[in-house]
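Here are some notes on the model you sent, set out as numbered points. They start with one local environment and then move outward to the fold and the aromatic residues.

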Amino acid sequence: MPCREHVTQLRDHHEELKARGIEVVLVSFATPELARYWQEATQFPFSMFLDPERRAYSAFGLGSSVLAAWHPKMFWYYFRLLAKGRKLMPIKGDPYQLGGDFLLDTKGSVRLAYPCAEPADRPPLSEILAAVS
């Protein structure tokens, strides 16, 4: 769910990101069927790269953590979403895989590296935009 919220935020600022030359590419370990379900659920306009072997996750140092996924902070996060009227979607896939945000320039240099410490840990949009300024 946290990654869905983050992708929704990026989707809602898609035009602003494009105007700044940022092309969002989602990397997922999902199956093609799950990726289609996820795309329909979030209505994201971005490209998606499927990485079932999680080679990109490993290359960027993204781990997996049961403790982070079940941390009390996560329960509070979900409670706040429910209080805002959000409906929780069923978990599909590996809820313990941690994600991250990485901004690469056209030369392949990393402009922003933000490996998540827990599932809801995502950089604010302002930090992403600042990395390209």
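Contact here means heavy atoms within 4.5 Å. The model is a predicted one.

1. Surroundings of Ser 28. Ser 28 lies in strand E1, residues 25–28. Apart from neighbours within four places in sequence, Ser 28 is in contact with Met 48, Phe 49, Leu 50, Asp 51, Pro 52 and Tyr 57. Is Ser 28 buried or exposed? Its relative accessibility is 15%, and since buried means under 20%, Ser 28 counts as buried. Phe 79 is 51 residues away from Ser 28 in sequence, and the C-alpha atoms of the two are 26 Å apart in space.

2. Strand E1 and its partner. The side chains of E1 alternate: Leu 26 and Ser 28 point to one face and are buried, whereas Val 25 and Val 27 point to the other and are not. E1 pairs with E2 in the parallel sense, over four bridges. Val 25 has Ser 47 in E2 as its bridge partner.

3. Overall fold. How many helices and strands does the protein have? There are seven helices and four strands, and from the N terminus the order of elements is α-α-β-α-β-α-α-α-β-β-α. The radius of gyration is 15 Å, close to the 14 Å that the globule rule gives for 133 residues, so the protein is as compact as a globular protein of that length. Taken along the principal axes, the C-alpha atoms fill a box of roughly 40 × 30 × 30 Å.

4. Burial, contacts and surface. Of the 133 residues, 35% count as buried. Among contacts with a separation of 6 or more, 61% are between residues 24 or more positions apart. The exposed area of the protein is about 8,300 Å², and 57% of it is supplied by carbon and sulfur atoms.

5. Helix H1. Which residues of H1 (residues 2–12) are buried? They are Pro 2, Arg 4, Glu 5, His 6, Val 7, Thr 8 and Leu 10. The elements covering these buried residues include helix H2 (14–19), E1, helix H3 (32–42), H6, E3 and helix H7 (125–130).

6. The E3–E4 hairpin. Strands E3 and E4 (residues 110–115) run antiparallel and are joined by five bridges. Leu 104 stands opposite Val 110 in E4. Five residues separate the two strands of this hairpin, and Gly 108 in the turn has a positive phi of about 90°. Side chains alternate along E3 (residues 100–104): Asp 101 and Leu 103 point to one face and are buried, while Gly 100, Phe 102 and Leu 104 point to the other and are not.

7. Positive phi outside glycine. Most residues other than glycine have a negative phi. Gln 43 is not a glycine, yet has a positive phi of about 55°; its place is in the loop between H3 and strand E2 (47–50). Arg 54, also not a glycine, has a positive phi of about 60° and lies in the loop between E2 and helix H4 (55–59).

8. Arg 54 and Phe 29. Where does Arg 54 lie relative to the ring of Phe 29? Arg 54 lies over the face of Phe 29, at 3.9 Å from the ring centre. With a relative accessibility of 24%, Arg 54 counts as partly exposed.

9. Aromatic pairs. A search of the whole structure finds seven aromatic pairs. In one of them, the rings of Phe 44 and Phe 46 have centres 6.3 Å apart and planes at 10°, so the pair is stacked. In another, Trp 76 and Phe 79, the ring centres are 5.4 Å apart and the planes are at 20°, so this pair is stacked too. Trp 76 and Phe 79 are three residues apart in helix H6 (residues 72–83), which separates them by about one helical turn. An α-helix has 3.6 residues a turn, so residues three or four places apart point the same way.

10. Aromatic cluster. Trp 38, Phe 44 and Phe 46 form one aromatic cluster. Phe 44 counts as buried at 4% relative accessibility, and Phe 46 is buried with a relative accessible area of 9%.

Technical notes. Residues numbered from 1 in each chain as written. Predicted model: local features only at pLDDT ≥ 70, side-chain atom pairs only at ≥ 80, totals over all residues. Heavy atoms only, no water. Phe/Tyr/Trp six-rings, centres within 6.5 Å; stacked < 30°, edge-to-face > 60°. Buried < 20%, exposed > 50% of the residue type's maximum accessible area, 1.4 Å probe, protein only. Lys NZ or Arg CZ within 6 Å of the ring centre and 35° of its normal. Rg over C-alpha atoms; globule rule 2.2 N^0.38 Å. Areas by Shrake-Rupley, 256 points an atom, 1.4 Å probe, with all protein chains shown as cover. Pairing = 2+ DSSP bridges.
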